[in-house]
Amino acid sequence: MSRAEMDTLGWDSCDVILITGDAYIDHPSFGMALIGRLLEKQGFRVGIISQPDWHSAEAFRALGKPNLYFGVTAGNMDSMINRYTSDRKIRSEDAYTANAEPNKRPDRALVVYAQRAREAYPDTNIVVGSIEASLRRIAHYDYWSDKVRRSVLPDSKADLLLYGNAERALVALTHRLAAGEPIKTIRDLRGTAYMVPSGWTPADDWTVVDSTHYDTPGRVEPLPDPYETKSKETASCATEQKPPVEQPVRILSREERQAALKEQRDKIVIRLPSYEAVKEDPVLYAHASRVLHLESNSGNARALLQAHGERDVWLNPPPFPLAMDEMDGIYDVPYARAPHPSYGKARIPAWEMIRFSVNIMRGCFGGCTFCSITEHEGRIIQSRSEPSILHEIEQIRDKTKGFTGTISDLGGPTANMYRLACKDKKIEQICRRLSCVFPSICVNLNTDHSKLVQLYRKARAIPGIKKIQISSGLRYDLAVRSPEYVKELVTHHVGGLLKIAPEHSEDGPLSKMGKPGMSAYYKFKEMFERYSQEAGKEQYLIPYFIAAHPGTTDEDMLNLALWLKKNNFQIDQVQTFLPTPMAMATAMYHGRRNPLHKVSADSEVVETARAGKIRRLHKAFLRYHDPENWPILREALQRMGRSDLIGNSERHLVPRADNTGAGATGSRRFAGTCAGRAPAKPKDPKKAAGMRTPAIGRTTKKESPPVRKTGRK
């Protein structure tokens, strides 16, 4: 990170210099550490410039000119999501910065950093990557400027963009550059994108297919008449007709036919509507979003291109999933598992949250439309081996300062998709489904949780390990398929409260989210309570919800508020829907069309809460018990013809205007959040120390939970 460290190592220069918007923490949960250690393992000298001052190019010259390239990222999060709330207000803290100090990175950090690096050394290769590059690799709706923006490639002036699980491509790229190959000629790596002249293709035998033909039903051709004996086309004269040349019939095997089709498919590129077109036409934007997601399975995805003015953004197909030994190789390197010493004793909230956790897998096949995991990590689960995971737990026990015997999480994007996959690899490679679990769980999906149960048991048996908690989001619709897993989880790995995410109670919003109905929630709830009782534990489920998601009406939010009241929940902290770049729900928000189905000008219109007042109302419904929300709720209930819910008895949702003390008691209060986001910590450190888990609040002492129908408090 400094010239002094380079001198100590005897380096006169770095091969690769990584630029990041985060504080540098040498831990595999942080992208720069993972990539840096991977390249170091390949024999390259890697420098890291963390959170540089972007107001000039001087900070980007701190380590000198890299021999191969600058690798530029915004950090572990998209910089706009990191800096702004869903209400477009700037955040007061940055969890990825020393002492949570805000304003240590610019808006759209990827573009700013890449431009400054180019200014510092104009003739140096610039490679951009990370989540911000993945989510903004084509024209995308930007919630904060409320417009469709260009791909980050032309704005950053980068030579190459890496998206998705880029380790394999990054290693290959670095070795080829080290061998002297110009970066402008490296055009065959999966998971890469670059700018090309209009009309460019890798070779003359490539075919360009317009996406509007590809994803729109074509005209129906008439069936041939089996009794037709004469050609319907009349020749100009009989002498022009030539007798047909007889050819021997060759019957191809199934394997030969499939190989020929695959070879033909591999040389097809789909042309998305141009940036200029999707910028002006929300319907075309939703169409482009649908095509992009359909082309996300690395087993059958084709290349994509999108015009930006006189040039095209070319996207090679996504990378193949990493094999288990490759995953192990990435994580089994000697991380320091601590922030860089230059930060001293500074508190870095993101580090505090994950310092005792272990990432066991990548990817998610849930297909939730509001989530961007698929666009970055893909749908196919990539898991580490048991020995690799258990070894990391031992490393935490032996090397991480402050470890007291509790592993805070064994998980990843989800808690319970470890080693789950399609039953047939061939089916997986040709599958075009956007989700393996919506609208129903695919019959080809293996939902056996036995390997995860076995992992939990072996992890608990490691000497020095007192408890292992599961903090990643749980797919309860999958968990109910394995009662053994639910029992294991509830008996050994729940610290009193377990967060799950139904996201809503009504079918309309759930169908736009790609989430299961409430029947799965009730089934899991019954199993959770039964196994908790058998274990002699008092434990509670904390359901998370999203306000103002596309497809949600005022009536839907009212029904959710009534569900919360009926089930005695009071949510202390909530968030409204945040449109992230490239998510399918963002296409719904921007274009009011549903890309889960084929999109046209007359296709289904998705009602969306865009106005600030409506978004505040939907958020207020989730916090119906808060006196500050009662005026807006009274106004809405009167407008909706539901004045019967205004009153001072238990059956009413909010009290009358002349009584501000009723209607908010008798429910359990939790400092919960929506969509798995962590709530703000209490200001009183004593209260913070008394919370049952670091991410979820506890039942308040002033109000004891009422007696439930189950007979327990």
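Hi everyone. Let's start at a single residue, Gly-647, which sits in the loop between helix H25 (630–639) and strand E24 (668–670). One thing to keep in mind throughout is that this is a predicted model.

So, is Gly-647 buried or exposed? With a relative accessible area of 1%, Gly-647 is buried. If we set aside its neighbours within four places in sequence, the residues in contact with Gly-647 are His-652, Val-654, Pro-655 and Arg-656. You can also look at Ala-657, 10 residues from Gly-647 along the chain: the two C-alpha atoms are separated by 8.8 Å.

Now let's turn to the sheet. It is an open one, built from 10 strands, and the order is E3-E1-E4-E5-E8-E9-E13-E12-E11-E10, with mixed pairing. Which strands are at the edges? They are strand E3 (46–50) and strand E10 (207–210), each of which pairs on one side only. On average, and ignoring direction, neighbouring strands in this sheet are turned by 25 degrees against each other.

Let me zoom in on one of those edges. E10 runs parallel to strand E11 (residues 268–272), and four bridges join the two. If you want a spot to find by eye, look for Thr-207, which stands opposite Ile-268 in E11.

Helices pack here too. Helix H2 (residues 31–41) packs on the sheet and touches strand E1 (16–20), E3 and strand E4 (69–72). The direction of H2 makes about 175 degrees with that of E1. Then there is helix H4 (residues 109–120), lying across E1, E4 and strand E5 (125–128). H4 runs at about 170 degrees to E5.

Just before H2 there is a residue I'd like you to meet. His-27 is in the loop between strand E2 (25–26) and H2. His-27 counts as buried because its relative accessibility is 0%. What is His-27 in contact with, leaving aside neighbours within four places in sequence? The list is Ala-33, Tyr-335, Arg-337, Trp-351, Ile-354, Arg-355 and Ser-357. Please hold on to Arg-337 from that list.

Here is where Arg-337 returns: its side chain meets that of Glu-392 in a salt bridge, at 3.2 Å from N to O. This pair links distant parts of the chain, 55 residues apart. Glu-392 is in helix H15 (residues 386–399), while Arg-337 is in the loop between helix H12 (324–331) and strand E14 (338–339). Both partners, Glu-392 and Arg-337, are buried.

As a reminder, side chains of opposite charge can pair when their charged atoms come close. How many salt bridges are there in total? The count comes to 44.

Another of these pairs is Arg-475 with Asp-477, at 2.8 Å from N to O, and both of those residues are buried as well. Salt bridges can share partners too: Asp-78, Arg-108, Arg-136 and Asp-142 are joined into one network that way.

For a contrasting setting, take Arg-176 and Asp-188, whose side chains meet in a salt bridge at 2.9 Å, N to O. They are 12 residues apart, with Arg-176 in helix H7 (residues 167–178) and Asp-188 in the loop between H7 and strand E9 (192–197). Arg-176 is partly exposed, at a relative accessible area of 22%, and Asp-188 is exposed, at 53%.

On to the nonpolar cores. The largest has 76 residues, and the ones touching the most other members are Ile-393, Leu-410, Phe-524 and Phe-621. Helix H21 (residues 518–534) gives the most to this core, with seven residues. Apart from it lies another core, of 48 residues, including Ala-98, Ala-303, Trp-314 and Val-333.

Let's go back to Phe-621 for a moment. Not counting residues up to four places away in sequence, Phe-621 touches Asp-554, Met-557, Leu-558, Ala-561, Leu-633, Leu-637, Met-640 and Leu-653.

Last topic: cysteines. How many disulfides does a search of the whole structure find? Zero. Cys-364, for example, is in no disulfide, and the nearest cysteine sulfur, in Cys-368, is 6.2 Å away. Cys-364 counts as buried because its relative accessibility is 9%. And why is Cys-436 without a bond to Cys-431? The sulfur of Cys-431 is the closest cysteine sulfur, but at 6.0 Å it is too far for a bond. Cys-436 itself counts as partly exposed, at 22% relative accessibility.

That's my tour. Thanks for listening!

Technical notes:
Residues are numbered from 1 along each chain as its sequence is written. This is a predicted model: local features need pLDDT of at least 70, side-chain atom pairs count only at pLDDT 80 or more; totals for chains, interfaces and linings use all residues. Side-chain values use heavy atoms; hydrogens and water are left out. Two strands pair if DSSP finds at least two bridges between them. Axes are lines fitted to C-alpha atoms, for helices over the stretch in contact, and angles run from 0 to 180 degrees between N-to-C directions. Contact means heavy atoms within 4.5 Å. Buried means under 20% relative accessible area, exposed over 50%, partly exposed in between (1.4 Å probe, protein chains only). A nonpolar core is a set of buried Ala, Val, Leu, Ile, Met, Phe, Trp, Tyr and Cys residues joined through side-chain atoms within 4.5 Å. A salt bridge is a side-chain nitrogen of Lys or Arg within 4 Å of a carboxyl oxygen of Asp or Glu. A disulfide is a pair of cysteine sulfur atoms within 2.5 Å.
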